[in-house]
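Reader: I set up models for calculation and want a close look at one helix. Please take me through its surroundings, then the other packing and backbone details.

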Amino acid sequence: MIYRKLGKSGLEVSAIGLGSWEMAGNVWGNADEANSIRTIHEAVECGINLLDTAASYGGGRAETVVGKALKGIREKVILCTKCGLKVLPSNDVEYNLTPENIRFEVERSLRRLDTDYIDLYQFHYPDPVTPIEKSLETACKMKEEGKIRAIGVSNFSLEQLKAALPLGCIDSVQLKYNMLTRDNEPLIEYCRSLGVGVLTYGSIAGGMLSGAYKEPPTFGENDRRKDFYPFFEEPLFGRARKLVDVLDEIAAEIGRKTVDVAINWVVNRPGVTVALVGAKTPAHVVQNAAVGEFSLSVQQLERIDAAYAHIFG
């Protein structure tokens with residue numbers, strides 16, 4: 001496993017991290033708690049030391065599962081969670097980064113995670129009402145108190161990040177990034193220039209880049225991937241599938257799976273510290289961890305980028 005420094009936080013993290021959204025059981029289909037715990041244990045055994053969750057995943061269910069899994073192995077994990085986002089029964093969302101709510105949420109997360117501290121505490125989304133200065137001031141105080149070790153923001157635009165960074169305390173940024181979703185590349189480069197850590201999510205675009213789908217899929221009622229990734233329906237499915245065909249070819253050439261190529265591409269992009277990848281089974285996490293064992297060649301990377309440019313213009 002490759003390990004990297006997370007910005008200037010002093011934390012050393014695995015280049016592949018385990019995301020836990022799937023373990024909430026309310027977005028990517030049902031999730032079995034015992035299996036999720038086994039998956040987390042396997043990730044740690046494979047050298048994955050960064051585990052990312054959020055208070056909003058399943059209304060706290062993912063944090064609870066993570067907390068159960070970490071009993072006896074807490075010190076082996078860089079534990080990351082997020083605050084400031086509430087999903088309503090209507091699936092609408094509320095953003096709340098007021099000092100009072102940040103304090104309320106961190107205590108609740110600490111209880112669910114069954115830990116005395118959180119390694120990386122992240123603002124899940126920007127709050128359009130609360131001044132970021134107030135939010136960061138609160139987070140910095142919690143860091144001084146030992147409740148958290150590092151501070152991150154998630155889903156911030158480049159302009160929002162430029163406004164927040166001079167206020168201090170921000171160690172990392174989390175954002176969506178994969179071969180099909182490249183809008184955040186200027187933000188990644190900006191972070192790279194300043195030594196800010198970058199965690200990416202959506203590395204395989206909800207499974208679109210796994211090679212599993214030859215035709216537009218029909219997902220179950222409890223699977224909301226189409227709400228987050230537009231590539232599962234035409235006209236984008238056909239175009240995305242053409243790029244996946246190129247990944248299939250490269251995977252066959254190097255004796256790997258298509259999903260390995262997609263994840264490896266993210267892991268080795270300049271400026272990316274950690275590629276977060278979800279997993280529902282121990283077998284999946286073993287495969288994901290092995291992605292750090294190889295690197296795509298310059299020629300293969302050029303083929304992928306050329307194909308992307310040709311298909312998407």
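Author: What follows starts with one helix and moves on to helix pairs, a strand residue and some loops.

This is a predicted model, where local features need pLDDT of at least 70, side-chain atom pairs count only at pLDDT 80 or more, and totals for chains, interfaces and linings use all residues. Residues are numbered from 1 along each chain as its sequence is written, and side-chain values use heavy atoms, with hydrogens and water left out.

Take helix H3 to begin with. Residues 99-113 form H3, 15 residues in total. Helices (H or I, at least four residues) and strands (E, at least two) are DSSP runs, numbered from the N terminus. From first C-alpha to last, H3 reaches 21 Å, close to the 21 Å expected at 1.5 Å a residue. That expected span is 1.5 Å times one less than the number of residues.

Which residues of H3 are buried? They are Asn 101, Ile 102, Glu 105, Val 106, Ser 109, Leu 110, Arg 112 and Leu 113. They cover an arc of only 165 degrees around the axis, which puts them on the same side of H3. The arc is that of the directions from the helix axis to the C-beta atoms. An α-helix has 3.6 residues a turn, so residues three or four places apart point the same way. The face of H3 turned away from the buried side carries the exposed residues Glu 100 and Arg 111. Buried means under 20% relative accessible area, exposed over 50%, and partly exposed in between (1.4 Å probe, protein chains only).

What covers the buried residues of H3 includes helices H2 (61-69) and H4 (132-144). Strands S5 (78-83), S6 (85-87), S8 (118-123) and S9 (148-154) are also among the cover. Contact means heavy atoms within 4.5 Å. Asp 114 follows H3, with a positive phi near 55 degrees.

H2 also packs against helix H1 (residues 33-45), at an angle of about 55 degrees and with the axes 9 Å apart. That makes H1 oblique to H2. Axes are lines fitted to C-alpha atoms, for helices over the stretch in contact, and angles run from 0 to 180 degrees between N-to-C directions. Angles under 35 degrees count as roughly parallel, over 145 as roughly antiparallel, 65 to 115 as roughly perpendicular and the rest as oblique. The H1 and H2 crossing is right-handed. A crossing is left-handed if the near helix is turned anticlockwise from the far one by less than a right angle, and right-handed if clockwise. On the H1 side, Glu 33, Ser 36, Ile 37, Ile 40 and His 41 meet residues of H2 including Val 65 and Val 66.

A second pair is H8 (residues 236-254) and H11 (residues 298-312). Their axes come within 9 Å and cross at roughly 165 degrees. That makes H8 roughly antiparallel to H11. H8 passes H11 in a right-handed crossing. Among the H8 residues that meet H11 are Leu 243, Val 246 and Ile 250.

Before H8, a cis peptide bond joins Glu 234 and Pro 235, with omega about 10 degrees. Pro 235 lies in the loop between helix H7 (225-228) and H8.

Thr 200 sits in strand S11 (residues 197-201). Thr 200 is buried, at 0% relative accessible area.

Two loop residues remain. Asn 155, not a glycine, has a positive phi of about 60 degrees. Asn 155 is in the loop between S9 and helix H5 (158-164). Cys 169 has phi near 80 degrees, also positive.
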